[in-house]
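Open the model in your viewer and keep the selection panel at hand. The tour goes from one selection to the next.

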Amino acid sequence: MLKPIKISRSGLRLFLECPRCFWLEQHHKIRRPPSYPYTLSAAVDYLVKREFDKYRVKGELPPVFANAKLDAKLYPGEELADWRNNFRGIGYQDEDLGATHYGAIDDILQFPDGSLAVVDYKSSGSREITIYDDYQKQMDVYSYILSRMGHQTHPEAYFVFYQVDKSGNGFANALNFREELRNVKVDTNWVPRAFEQAVKVARQEAPPQAAPTCTHCQYVKAASTHLPGTMHSVASDQDYRVVKEE
């Protein structure tokens, strides 16, 4: 019997960034130091969901979609509340791999043919809107999970960007945003292979090679050569070990 494994969308991203960091998290619950919390972005997400839900109840499209003349509606299914929840979300179990792939979404559009398109909200203070590679992969993974759940998926996914408007003369206790819709073509072909590789790495006993570009692994390796005292960390090209000096 294979030991059940659960890999989130962010877990698969970590695997793609650095297999060793992924292995350490899966095997030993050793996680990278957390990034600065994006509490403002989380607040924007929360407020946008509440605003869009008002349109959902009325059976109307929010202006950002209606102005783009999308022939779609906000997904009305009751399960959306679970799909948005970080502790439940969307997911499927791969019986052959003995592994579950899951994640949480922001919203869903439903088209007349029944197909579902993933919607994600992004807020930014940058001057230019950039769809990073990780954004694209995020949409690919969520679309793939929905398809494995038995849903027909739309060939495109949608980002709703909220860009801070800096054209005013001051703050005045108000932060204005410009709302912009961007769409991307979904490509799920790479997802099953990447997930299978991640599951394989998660189950292996020996740690994999670190990604050459992983700054976290580079930091640990460099810092371990300067740690004083009776305990020191060894971070070689092969593994991480904690070695007690005799």
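Start with C214, which counts as buried at 3% relative accessibility. The model is a predicted one. Add C21 to the selection: C21 is buried too, with a relative accessible area of 8%. The sulfur of C21 is the nearest cysteine sulfur to that of C214, 3.6 Å away, and C214 is in no disulfide. A disulfide here requires sulfur atoms within 2.5 Å, so the pair does not count as one. The structure as a whole holds zero disulfides.

Next, select I7, F22, W83, I105, I108 and V118. These are the residues with the most contacts inside the largest nonpolar core, which has 43 residues. Keep I108 and show its surroundings. Leaving aside residues up to four places away in sequence, I108 touches R56, K73, L74, Y75, L80, W83, L116, A117, V118, V119 and L146. Then move to V48, F52, V119 and L181, which are among the 19 residues of a second, separate core. In soluble globular proteins, nonpolar side chains tend to be buried together.

Last, look for the internal space. How many cavities of 30 Å³ or more are there? The count comes to one, and the volume of the largest cavity is about 40 Å³. To find it, select R9, L12, R13, L16, D134, K137, V141 and W190, which line this cavity. Helices α1 (9-17) and α6 (133-148) are the elements that give two or more residues to the lining. The largest share, four residues, comes from α1. Colour the lining by class: four residues are nonpolar, four are charged and none is polar.

Conventions:
Residues numbered from 1 in each chain as written. Predicted model: local features only at pLDDT ≥ 70, side-chain atom pairs only at ≥ 80, totals over all residues. Heavy atoms only, no water. Core = buried A, V, L, I, M, F, W, Y, C linked by side-chain atoms within 4.5 Å. Buried < 20%, exposed > 50% of the residue type's maximum accessible area, 1.4 Å probe, protein only. Contact = heavy atoms within 4.5 Å. 1 Å grid on protein atoms, 1.4 Å probe; cavity = no way out; pocket = protein on both sides within 12 Å on 5 of 7 lines; lining within 4 Å. Points joined across faces, edges and corners; volume = space filled by probe spheres on them. Nonpolar A, V, L, I, M, F, W, Y, C, P; charged D, E, K, R; others polar.
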